[in-house]
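Biologist: Could you walk me through this model, from the whole chain down to the ligand shell?

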Amino acid sequence: MFINWKQREIKLKIVYYGASLCGKTTNLEFIHANIPASARSEMVSLKTREDRTIFFDFLEIQLGEIKGLKPKFSLYTVPGQVYYIASRKLVLQGADGVVFVVDSAPERREANIEAWNNLHTNLREFGVDVETFPIIVQFNKRDLPNALPLDELRRSIQCNGHLQVEAVAIKGIGVFESLRPAIKAVMLQAQKHL
Ligand SMILES: Nc1nc2c(ncn2[C@@H]2O[C@H](COP(=O)(O)OP(=O)(O)OP(=O)(O)O)[C@@H](O)[C@H]2O)c(=O)[nH]1
Ligand SMILES: [Mg+2]
């Protein structure tokens, strides 16, 4: 969180976290394409030729005034590939909230668990209280014919207690439904520190 009292500006950071190819960049692309240009920045994507995120994607969005403050949200995605695991941690640093994207494909079960555990390890290393830290869980790729049942996905990462949203990010389904509660949760958390 960053506050510029003079400009009445508050900056909050939301990070899209999850296994490689689970759909994090797809979420940001949909948000970018569906918010008026006046309320968002251009999207910055650092990716390989195969469209895999190397370091991060970045997009900043602005909302109307809330309690006299002008909130800006920096949205980032981490690279899901384990090869870039160090970048995940760097991008996560200073996050006010996370949207954790779960891939519903059965063959990605272990990768989801690895990313979920890695998120918690990193948060703890930053000294974040993981009990109160806002994490929205997005079950993505619900369109896959062999998508794992929600209960099985929930059990695999033990995410009960977190807000959960079903999504088909390539169609935009569940994208704003995940972003909105994430924004709400980080705003609530930020207000406690004002
Ligand atoms: N079927 C299906 N495919 C999806 C969905 N969302 C994303 N994809 C596809 O999954 C692939 C990976 O999506 P990305 O958004 O690049 O994944 P990522 O999580 O950013 O991957 P990394 O940058 O490697 O961590 C792309 O081919 C997307 O089109 C979905 O809801 N359903
Ligand atoms: Mg990506």
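What follows is a short exchange about this predicted model.

Biologist: Happy to start wide: in what pattern do helices and strands follow each other along the protein chain?

Modeller: The protein chain holds 5 helices and 8 strands. Read along the sequence, they come in the order β-β-α-β-β-β-α-β-α-β-α-β-α.

Biologist: And what is the radius of gyration of the protein chain, next to the globule rule?

Modeller: The globule rule gives 16 Å for 194 residues, and the protein chain comes close to that, so it is as compact as a globular protein of that length. Its C-alpha trace spans about 50 × 35 × 30 Å along the principal axes. The radius of gyration itself is 16 Å.

Biologist: Now to the ligand: which helix gives the largest share of the shell around ligand 1?

Modeller: The shell divides into 7 nonpolar, 10 polar and 5 charged residues. Of the 22 residues around ligand 1, those that come nearest are Gly23, Thr25, Thr26, Thr53 and Gly80. The largest share, 3 residues, comes from helix α1 (residues 24-33).

Biologist: Is α1 largely enclosed or left open, and how many of its residues are buried?

Modeller: A residue counts as buried when 20 or more other C-beta atoms lie within 10 Å of its own. In α1 that holds for Lys24, Thr25, Thr26, Asn27, Leu28, Glu29, Phe30 and Ile31. What covers them includes β2, β3, β4, β5, β6 and α5. The helix is therefore largely enclosed by the rest of the structure, the buried count being 8 of the 10 residues.

Biologist: Two of those covering strands make me curious: which residue of β4 is the bridge partner of Ser45?

Modeller: β3 and β4 pair in the antiparallel sense over 3 bridges. They form a hairpin with 5 residues between them, and Asp51 in the turn has a positive phi of about 70°. In β4, the bridge partner of Ser45 is Asp57.

Biologist: Let's finish with Ile170: why does it count as partly exposed?

Modeller: Ile170 is found in the loop between β8 (163-166) and α5 (175-193). Ile170 and Thr26 are 144 residues apart in sequence, yet 6.3 Å apart in space, C-alpha to C-alpha. Partly exposed lies between the limits of 12 or fewer neighbours for exposed and 20 or more for buried. Ile170 falls in that range because its C-beta neighbours inside 10 Å number 15.

How values were computed
Residues numbered from 1 in each chain as written. Chains lettered and ligands numbered in written order. Predicted model: local features only at pLDDT ≥ 70, side-chain atom pairs only at ≥ 80, totals over all residues. Near = placed C-beta within 6 Å. Helix = DSSP H or I, 4+ residues; strand = E, 2+ residues; numbered from the N terminus. Nonpolar A, V, L, I, M, F, W, Y, C, P; charged D, E, K, R; others polar. Contact = placed C-beta atoms within 7 Å. Pairing = 2+ DSSP bridges. Rg over C-alpha atoms; globule rule 2.2 N^0.38 Å.
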